[in-house]
Amino acid sequence: MTKAGSKGGNLRDKLDGNELDLSLSDLNEVPVKELAALSKATILDLSCNKLTTLPSEFCGLTHLVKLDLSKNKLRQLPADFGRLVNLQHLDLLNNRLVTLPVSFAQLKSLKWLDLKDNPLDPVLAKVAGDCLDEKQCKQCANKVLQHMKAVQADQERERQRRLEIDREAEKKWEAKQRAKEAQERELRKREKAEEKERRRKEYDALKAAKREQEKKPKKETNQAPKSKSGSRPRKPPPRKHTRSWAVLKLLLLLLLCVAGGLVACRVTELQQQPLCTSVNTIYDNAVRGLRSHDIVQSCSGTEWAPAFQH
């Protein structure tokens, strides 16, 4: 890669007052460091070389007032080319430029510009026009600067618009996040309240069950003394005398039968019958036995006589 320092000798030897001529030096690369050391070189001629690009550091040569880059192979200029704020004269004749960087609008000192013989964008080519004389080249500089300022303004508006869109999107996202967080907080709050209510109900149920359990022994204890104290005696249960009453009636019936048979055997004509004779004998023996019994004799102090005698 050919540099001016190796082929054209020392750059200071080429410096003539404030002009540095590096044209026709077969340069592939600009010696930026060496040029930066020559701040007196406000006029720089790099025409008729083989330059395809300019390094970003080239834009730090802010002392340049006049720059000739004609008849090279430049396809584009550095994005920060507008840093060359002192530049008044710029020759870009016969390169391969299609467009100019937006920062070109910052070259407020630019008075002269030549963009002929470049494959410029149709819009830019129409704005630039011809540069066949001093007047046209000055008009080219003025028109291109105005055009690039308009492009810069459009890009700034577009940038602001996109920035606003991004801000709105961010605000919407933040609002959505806040709504989501609020919904989650509300859900957690509701779940917490439901859990608390569930625990409260369980607690109340346990307390109620415990009170109910405690009431049962008390009722039994309270009922027991009442029955013992006799303050309200219970009626004795009705006696189950159905069977005894039946036996008693049967006995009465037998007694009536015996009495009837006895009467029949003693006062009727049947007394001569063998059966009645036996009955009468049993009756007489029974009466004699009762008379001889001490208990019967002492019951009334009077003589007890049978109801039936001969």
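**Exercise 1. How many disulfides does the count come to under the distance rule, and which cysteines are joined?**

Solution. The count comes to one disulfide, where a disulfide is taken as a pair of cysteine sulfur atoms within 2.5 Å. The model is a predicted one, in which local features need pLDDT of at least 70 and side-chain atom pairs count only at pLDDT 80 or more, while totals for chains, interfaces and linings use all residues. Residues are numbered from 1 along each chain as its sequence is written, and side-chain values rest on heavy atoms, with hydrogens and water left out.

The partners are C131 and C137, with an S to S distance of 1.5 Å. Turning to the geometry, the link of C131 and C137 is right-handed, with 100° about the S-S bond. C131 and C137 are both buried, a class that means under 20% relative accessible area, with exposed over 50% and partly exposed in between, for a 1.4 Å probe and protein chains only. C140 is in no disulfide, and the nearest cysteine sulfur, that of C131, is 5.9 Å away. C140 counts as buried because its relative accessibility is 1%.

**Exercise 2. What is the order of the elements, and what share of the residues counts as buried?**

Solution. The protein has eight helices and six strands, where helices (H or I, at least four residues) and strands (E, at least two) are DSSP runs numbered from the N terminus. Read from the N terminus on, the elements run α-α-β-β-α-β-β-β-β-α-α-α-α-α. Of the 310 residues, 24% count as buried. The accessible surface comes to about 22700 Å², of which carbon and sulfur atoms hold 54%; the areas come from the Shrake-Rupley method with a 1.4 Å probe, and for residues only the protein chains shown count as cover.

For contacts, meaning heavy atoms within 4.5 Å, the relevant set is that between residues at least 6 apart in sequence, and 36% of this set join residues at least 24 apart.

**Exercise 3. Characterise the aromatic pair of the structure, and explain which parts of the chain it ties together.**

Solution. A pair of aromatic rings is described by the distance of the centres and the angle of the planes. Rings of Phe, Tyr and Trp (its six-membered ring) pair if their centres lie within 6.5 Å, and planes under 30 degrees apart count as stacked, over 60 as edge-to-face and the rest as tilted. The structure holds one such pair, and F81 and F104 form it: at 6.2 Å centre to centre and 5° between the planes, the pair is stacked.

F81 lies in the loop between strand 4 (66-68) and strand 5 (89-91), and F104 in the loop between strand 5 and strand 6 (112-114), so the pair ties together parts that are 23 residues apart in sequence. F81 and F104 are both buried.

L107 belongs in the picture as well, since F81 is listed among its contacts beyond four places in sequence, together with G82, L84, V85 and L145. L107 lies in the loop between strand 5 and strand 6, and it counts as buried because its relative accessible area is 0%. The C-alpha atoms of L107 and M148, which are 41 residues apart along the chain, are separated by 10.0 Å.

**Exercise 4. Which backbone nitrogens does the side chain of N72 reach?**

Solution. N72 is found in the loop between strand 4 and strand 5, and N72 counts as buried because its relative accessibility is 6%. A polar atom of the N72 side chain lies 3.4 Å from the backbone nitrogen of K50, and the side chain of N72 reaches the backbone nitrogen of L51 at 3.1 Å. Beyond four places in sequence, N72 touches residues including C48, N94 and N95.

C48 has a positive phi of about 60° although it is not a glycine. C48 lies in the loop between strand 3 (43-45) and strand 4, and it counts as partly exposed because its relative accessibility is 30%.

**Exercise 5. Over which residues does pLDDT stay under 50?**

Solution. As the predictor's confidence in each residue, pLDDT runs from 0 to 100. The mean pLDDT of the protein is 84, and 81% of its residues reach 70 or more. The value stays under 50 over residues 5-9, for which the model has six contacts beyond four places in sequence, and also over residues 302-310, for which the model has 15 such contacts. Where pLDDT is low, the predicted coordinates should not be read in detail.

Conventions:
A polar contact is a pair of N or O atoms within 3.5 Å; within protein, one must be able to donate a hydrogen and the other to accept it, and residues adjacent in sequence count only if both atoms are side-chain atoms.
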